[in-house]
Amino acid sequence: MAEHEPSIGASDDWYTPPEIFEALGLRFDLDPCSPGPGHWVPADRFYTKEDDGLSQHWAGMVFMNPPFGGRGGHVPWLTRFLDHRNGVAIVRAYTSSDWWHEHMPRAETILFPAGKTKFIPSEATKTEIERATGKPFRNAPGHGVVLIGMGGVACDALLRSGLGMAWDRRQGGTR
C-alpha cells in the first residue's frame, strides 16, 4: 500500500516487493497496513484496511508500508511508526517536502534502495491503470523510496541488507 504516483487518488494497493523482505531476513510481529492473509509480508499478525491498523494496538517489530491516502495521507502512519520505535517502514523519499524535514530526523536508520523500487499492484489496480491508459501495465515509478529503521534489530538488518546506501544516526553517518 505504498505511495505510488499512478495510484494517487486511485488506489493504495501497491505492495512491497518480496526481494526487500528476502534482503532484510526478518520476521515481523505486525503488518498494520496489510492487504490480508496469504500475502508475502513475513508477519505473524496483520491489520487490513477494514481493521484500521492506525487505530489498533501495535506490539513488537512492525513492518509498515502505509496507504498514501492523498497528499500527506501517510504522515499519521509515519508518526505512529516513529512513536512505536521498533520496525521497518517504507515511504517516498521526498527530501524537499515539509513532512520529511519534520519527521525524518527522528529516524534511527534511513536506507535509500539502489535503483527504483518496483511496487507490485493489486490485480484490480493493474487493470484500472491499463484501462485508463489504454496501454499494458509497466511498473516504472517516477520517484525513489526510503526504508526507515527503528530499533536495533531493524536498523542492523537494513545496514547489512545490501539494498542501497544507508545513513545510521546511531553511528553518526553514511554507510
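Where is the place of R85? In this predicted model, R85 lies in the loop between α2, which covers residues 75–84, and β5.

## Strand β5 and its partners

The strand that follows this loop, β5, spans residues 87–92 and is mostly covered, with six of its six residues buried. Strand β5 pairs with β4 (residues 62–64) in the parallel sense, over three bridges, and within this pairing F63 stands opposite V88 of β5.

Strand β5 also pairs with β8 (residues 145–150), here in the antiparallel sense and over six bridges. In that pairing, the residue that stands opposite I90 is L147 in β8. The strand β5 is thus described by a parallel pairing with β4 and an antiparallel pairing with β8.

## Positive phi in two loops

Although R85 is a residue other than glycine, its phi has a positive value, near 65°. R85 is partly exposed, because its relative accessible area is 42%, a value that falls between the cut-offs of 20% for buried and 50% for exposed.

D52 is likewise not a glycine and has a positive phi, of about 55°. The loop that holds D52 runs between β3 (43–46) and β4, the strand that pairs with β5 in the parallel sense. With a relative accessible area of 36%, D52 is partly exposed.

Methods: Residues numbered from 1 in each chain as written. Predicted model: local features only at pLDDT ≥ 70, side-chain atom pairs only at ≥ 80, totals over all residues. Heavy atoms only, no water. Buried < 20%, exposed > 50% of the residue type's maximum accessible area, 1.4 Å probe, protein only. Helix = DSSP H or I, 4+ residues; strand = E, 2+ residues; numbered from the N terminus. Pairing = 2+ DSSP bridges.
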